[in-house]
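Let's take a friendly tour of the pockets in this protein. Keep the 3D view open so you can find each residue as it comes up.

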Amino acid sequence: MSKFKIEGGNLLRGVINISGAKNSAVALIPAAILCDEETTIMNVPEISDVDSLEEILMCLNADVKREKNTVIIDSKNVENKIIPEELSVKLRASYYFMGALLGKFHKVEMYFPGGCSIGERPIDLHLKGFEKLGATISEEGSYIKLEAKELKGNKIYLDIPSVGATINIMLAAVKAKGKTVIENAAQEPEIVNVATYLNNMGAKITGAGTSIIKIEGVNTLKGCFHEVIPDRIEAGTYLIIAALLGNDLTINKIIPSHIESLISKLKEAGVKMEVGEDYITVKEVGNYKAVKVKTLVYPGFPTDLQQPLIPFLTQCNGLSKVTETIWENRFQNIPDTIRMGANIKVNENRTAIIRGKTKLTGCDVSATDLRGGASMLICGLIAEGTTTIDNIKYILRGYDNIVEKLKEVGAKIELI
Ligand code: UD1
């Protein structure tokens, strides 16, 4: 099994270009099957989650051409087959085939999705939404069947502004008869990116990016070109690295407003940065002070950056606090971080209390999930000595060319 080996403590200089957003791409690719023609998606990240979706598309008989960061999908000959369990458990986002296939064929048979175990991760809101559109649902173990004689627009209120449920309902509703209104919709930038893609195909969606999304059903969707937005979580991860090790390090090809909550937290801790239109540069590492962070839905502090922020907080002077409000089980990286020398306690209110500043020392650690893995990688980059990380398959699910990007700016990291 491959591992990362990192020699820590090197300052980093140069430019890191950010790839397309994983959480957009993993919804755009299933959305392509709603189209009756060929669509081209550009700026798709080279990550294993995209490989897994490509496998599902091929299993459904879509014609897929992938060349570096461009994916061309022709859905003319798509067949409504059962998606096998070994494919759907490879990633969380396989659930977007529920909305897309339901929208296209009014029937889906597949297995429950997989993904990182960062909490219970129910999909009840997705299913309630499909029911409101007219689908009946039967489940047997992990097998699920959705079927609708006809899909009809409806008003759907989400108890929680779930990213997945918002996108999935949009996918099912674009070809439904009449008008669907999603209330208390999630407002993440990835939702806007997916709505724009569908609108480019001819869908009639308004309000994406606000809490009320309106969808007027259409009969056909035509081919189009579309670009994935920059990955705000990848950008945030490298910005945290820049704050810790930047010696004139630029994080490039980003939309800074998408990570405003992180930028303002880092500034509060004392990080000096130059924020440009599509880049952020950290000229030098400073002396930082402790801060308090609470994860929230967009535009609040993203839960996906909470774990990568922990190594930064170990280097801040004083008592920092991180409260996780979205997922129940998102401190799995903490035990290994403590083994490296951090002083962290997690209490029953899903709050990690980090006393800094502490020196971190390299050791053998493990990636427990995607962002937890990124967190361990950052620990390795700032630690004294050698760190090896196993289970890196989690990290490769979401970070495009991570070794190359870090090596390019002077990090001592290799895949062994
Ligand atoms: C997406 C992101 C993930 C991120 C999360 C929150 C993708 C592929 N993944 O996950 O990286 O951490 O948003 O920003 O885009 N919930 C329910 N019932 C549901 C659905 C969700 O109770 O049917 C709850 C979840 O348990 C969780 C909260 O709602 O507590 C948010 O989940 P959601 O926004 O749906 O996350 P995902 O779309 O799975």
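What follows is a short report on two pockets in this predicted model.

**The largest pocket**

Start with the largest pocket, whose volume is about 1,000 Å³. Its lining is made of 42 residues, and those closest to the centre are Arg-121, Val-163, Gly-164, Ile-326 and Trp-327. Five helices each give at least two residues to this lining: H1 (22-31), H5 (124-132), H6 (163-173), H8 (232-245) and H12 (370-382). Which domains contribute to the lining of the largest pocket? Domain 1 (4-19 + 230-415) and domain 2 (22-227) each provide at least three residues.

**The second largest pocket**

Now move on to the second largest pocket, with a volume of about 440 Å³. Here 21 residues form the lining, and Asn-17, Ile-18, Ser-19, Lys-253 and Lys-405 lie closest to the centre. Strand E2 (12-17) and helix H14 (402-408) each supply at least two of the lining residues. For the second largest pocket, too, at least three lining residues come from each of domain 1 (4-19 + 230-415) and domain 2 (22-227).

**The linings by class**

You can colour the lining residues by class as you read this table.

| Lining | Nonpolar | Polar | Charged |
|---|---|---|---|
| Largest pocket | 21 residues | 7 residues | 14 residues |
| Second largest pocket | 7 residues | 6 residues | 8 residues |

To finish, try finding Trp-327 by the centre of the largest pocket, then Lys-405 by the centre of the second largest pocket.

Terms used
Residues numbered from 1 in each chain as written. Predicted model: local features only at pLDDT ≥ 70, side-chain atom pairs only at ≥ 80, totals over all residues. Heavy atoms only, no water. 1 Å grid on protein atoms, 1.4 Å probe; cavity = no way out; pocket = protein on both sides within 12 Å on 5 of 7 lines; lining within 4 Å. Points joined across faces, edges and corners; volume = space filled by probe spheres on them. Helix = DSSP H or I, 4+ residues; strand = E, 2+ residues; numbered from the N terminus. Nonpolar A, V, L, I, M, F, W, Y, C, P; charged D, E, K, R; others polar. Domains from an automatic or database assignment.
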